[in-house]
Amino acid sequence: MAEGESLETVTEHERILQEIESTDTACVGPTLRSVYDDQPNAHRRFMEKLDARIRNHDREIEKMCNFHHQGFVDAITELLKVRADAKKLMGQVSDTNRRLQDAGREVTAQTEEVIRCRVQQRNMATTVEKLQLCIPVLEMYSKLKEQLESKRYYSALKTMEQLENIYIPRVSQYRFCQIMAETLPKLREEIKEISMSDLKDFLESIRKHSDKIGETAMRQAQLHRTFNSAVQKQVTLTCAKPLHGLNGRTPLHHNGLNTEEAADEDDTDDEVLTAHDLVDFSPVYRCLHIYTVLGDRETFENYYRKQRKKQARLVLQPQANMHETVEGYRKYFNQIVGFFVVEDHILHATQGLVTRAFTDELWNMALSKIIAVLRTHSSYCNDPDLVLELKNLIVILADTLQGYGFPVNRLFDLLFEVRDQYNETLLKKWALVFREIFEQDNYSPIPVENEEEYKAVISRFPFHDAEIEKQQFPKKLPMSQSVPQIYAQVKEFIYASLKFSESLHRSSTEVDDMLRKSTNLLLTRTLSSCLQNLIKKPHIGLTELVQIIINTTHLEQACKYLEDFITNITNVSPETVHTTRLYGLSTFKDARHAAEGEIYTKLNQKIDEFIQLADYEWCMSESDGRASGYLMDLINFLRSTFQVFTHLPGKVAQTACMSACKHLATSLMQMLLDSELKQVSMGAIQQFNLDVIQCELFASSEPVPGFQGDTLQLAFIDLRQLLDLFMVWDWSTYLADYGQPTSKYLRVNPSTALALLEKIKDTSKKNNIFSQFRKNDRDRQKLIETVVKQLRSLVNGMSQHS
């Protein structure tokens, strides 16, 4: 068994050695690894086998070396013999070469000189020939450089074209021509960039000068308006001198101006600057020609239009505080006008760089933006003078741009919106004026000491009263000082409103209509609101309210004079079909009605104040025999108050008196039936009856004339019948006649009688605790209980019936 394994191992080692001998050394790793993968001690046996193989190879090598050693020694010996002969031959060859070189050196030098001269001669001839072809190219290129340095780019482009088409093709084989040909496109691009840079500088320049250009153009338009106004006012045409507008687009003519005006306008002519004076347009012309020559005109046009659109958007963007001063609006308009003056000049000075369609598109975009901006900023303005100046600027803006062919109808339409804003600011301003007038008024008739003072008042206010005119001085006019002041301020408002209508190219009828509508707003909204607020103020008493009613009556009568005033201004007959009427009548009537209502309210409040002073002893055994002090004070107050009402219309005074009496009767009834009042004695009823008698006496004394019969006394009829029922203790009659039209106590409600009777019943019980054994008291108590039951049945029947 061991012998078999040993034989197998020997065979494997032989195979490994053969692989090592026949295989590349880089691949022997796997083979050697197999030695270590075999049985234990296989490595040692392999090393022994390897040593044996090495010894065999060493023996073979030694045998081979011994076999070839003699031949190697013979070869070395022969080589040593040849070396001496080789050295001798080498010396002979070197000597021969030296002599040959010495002999041919002179011939070679002469030959090379001849060749060199002939080559030079040929090169010179060729150079002359080629230079004759190259010199024109170089001259043209030098000319090109000079043109570029002198910024004659258009000529430079023409020179480039000649170089490319004529000169360079003749000498295209030379390197410098190739470089030149490669440089020309770069020069073209450089020219394009330079011209584009000039264009950008031009665009920046016109952006900076747009304000000045626009200012000049708008000043020209304003002069034009001045001249037209002067022409209309002159009767005789004395001279005619043209005034040329910016770029010749707005021709103006002097006709019939006086010497001083003409001199002023001559000075203005000398100072007028055109767009050419302010801006150099040559860069845009030059750039246009350059791009046209380069065949890239469309790119230039698109770029120019795109940049101008961007500039238009910047120009149309207002400053945040533009609405604060008129200078902000003026600067904004100057920039806009300057922008479109330049565009108009470009439109007419170039062929197709901008078109009418493009300028119209720009203008429509600008117009929409302008209108939106003005709507927004004008809404912030609270100063009517500033709004008026804004209107004048808009008119000049419209006239200026209209002179350059731009449609401006939408701007004039915008002026109607600005007019509404102007009216709103006027209304706010006049509201303050009216409030100040009302605050400073003393609400007493105007005293006049002499004829001069009287005429001074009627010169400000149309007042005519035959009776007052007959009176001797000093005398008093019925209205207070605020009336002529209000009338004068309404006229001032009409003048202020008229200022906005100037220069709007509107007919007299339209102006008349605008004046009447704005005046109506002043009367129906502003003045009416001020009057209503005045009437509601706590410090305005009854005397002031009476004077306010008188004042509104006179202002109402003066409305027809305001209509005549507007008619005289506009020369439009009030009989015209579409003439608007003034609504002042309704304004003053409403204010008068509000004042009347406030009189009624304040009277009732004053009555309530007196009622609160009442201090009845509801359990008193008998009355004092005289009316209460608070009631007598109240009646005296009412008498003095109604004496002040003598200047009021009769109906107002009567209504106030009736309202006061009804409120007094209602308050007294509520006091008697107050739920917090639990007990009432017959003595208190008697005292209360004395107070009601005083009220009836006051009503019968006719504190205000005009009442028929006992109309005013009827205000206390409910109280009178109720008190009579309890004073007489006539329950049998009341219960028997209840529901009959002829009943003596028709105005006494069962629930009212029941409420008061229960208060008296409780008092009787309290006072008669120890008197219940007296027959009269027992009978009275039984009667009260019986009446209470019957009244309750009547009340229940009424509730079921309802």
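In this predicted model, helix H12 (residues 384-403) and helix H13 (residues 409-440) pack with their axes 9 Å apart and at an angle of about 170°. Because angles over 145 degrees count as roughly antiparallel, H12 and H13 are assigned to that class with respect to each other. On the H12 side the contact is made by Pro 384, Val 387, Leu 388, Lys 391, Ile 394, Val 395, Leu 397, Ala 398 and Asp 399, and on the H13 side by Leu 411, Phe 412, Leu 415, Val 418, Tyr 422, Thr 425, Leu 426 and Lys 429. Sorted by class, the residues of this contact comprise 13 nonpolar, one polar and three charged.

Following the chain out of H13, one comes to Tyr 443, which is placed in the loop between H13 and strand E3 (446-448). The phi angle of Tyr 443 is near 55°, a positive value in a residue other than glycine. Most residues other than glycine have a negative phi, and most peptide bonds are trans. Tyr 443 has a relative accessible area of 9% and is therefore buried, the cut-off for that label being under 20%.

Two further loop sites can be read against the same background. Trp 729, in the loop between H24 and helix H25 (731-737), has a phi near 60°, again a positive value in a residue other than glycine, and with 18% relative accessibility Trp 729 counts as buried. Pro 474, for its part, lies in the loop between helix H15 (466-470) and strand E4 (475-477), and the peptide bond that leads from Phe 473 to Pro 474 is cis, with omega near -5°.

Another proline, Pro 705, is found in the loop between helix H23 (682-700) and helix H24 (717-728). Pro 705 counts as exposed because its relative accessibility is 58%, where the label requires a value over 50%. The C-alpha atom of Pro 705 is separated by 7.6 Å from that of Gln 654, although the two residues are 51 positions apart along the chain.

Two other helix pairs can be set beside H12 and H13. The axes of helix H9 (residues 297-315) and helix H10 (residues 326-349) come within 10 Å and cross at roughly 160°, and H9 and H10 are therefore roughly antiparallel to each other. The crossing in which H9 passes H10 is left-handed. Here Tyr 304, Arg 308, Gln 311, Ala 312 and Val 315 of H9 meet Tyr 332, Gln 335, Ile 336, Phe 339, Val 342, Glu 343 and Ile 346 of H10, a set that divides into eight nonpolar, two polar and two charged residues.

Helix H16 (residues 482-501) and helix H18 (residues 542-557), by contrast, pack at an angle of about 35°, with their axes 10 Å apart, and H16 passes H18 in a right-handed crossing. Their contact is made by Ser 482, Val 483 and Ile 486 of H16 together with Asn 551, His 554 and Leu 555 of H18, which amounts to three nonpolar, three polar and no charged residues.

Turning to the chain as a whole, its secondary structure comes to 27 helices and four strands. Of the 802 residues in the chain, 41% are buried. Among contacts with a separation of 6 or more, 77% are accounted for by residues 24 or more positions apart. The chain exposes about 45100 Å², of which carbon and sulfur atoms supply 52%.

Technical notes
Residues are numbered from 1 along each chain as its sequence is written. This is a predicted model: local features need pLDDT of at least 70, side-chain atom pairs count only at pLDDT 80 or more; totals for chains, interfaces and linings use all residues. Side-chain values use heavy atoms; hydrogens and water are left out. Axes are lines fitted to C-alpha atoms, for helices over the stretch in contact, and angles run from 0 to 180 degrees between N-to-C directions. A crossing is left-handed if the near helix is turned anticlockwise from the far one by less than a right angle, and right-handed if clockwise. Contact means heavy atoms within 4.5 Å. Ala, Val, Leu, Ile, Met, Phe, Trp, Tyr, Cys and Pro count as nonpolar, Asp, Glu, Lys and Arg as charged, and the others, Gly among them, as polar. Buried means under 20% relative accessible area, exposed over 50%, partly exposed in between (1.4 Å probe, protein chains only). Accessible areas come from the Shrake-Rupley method with a 1.4 Å probe; for residues, only the protein chains shown count as cover. Angles under 35 degrees count as roughly parallel, over 145 as roughly antiparallel, 65 to 115 as roughly perpendicular and the rest as oblique.
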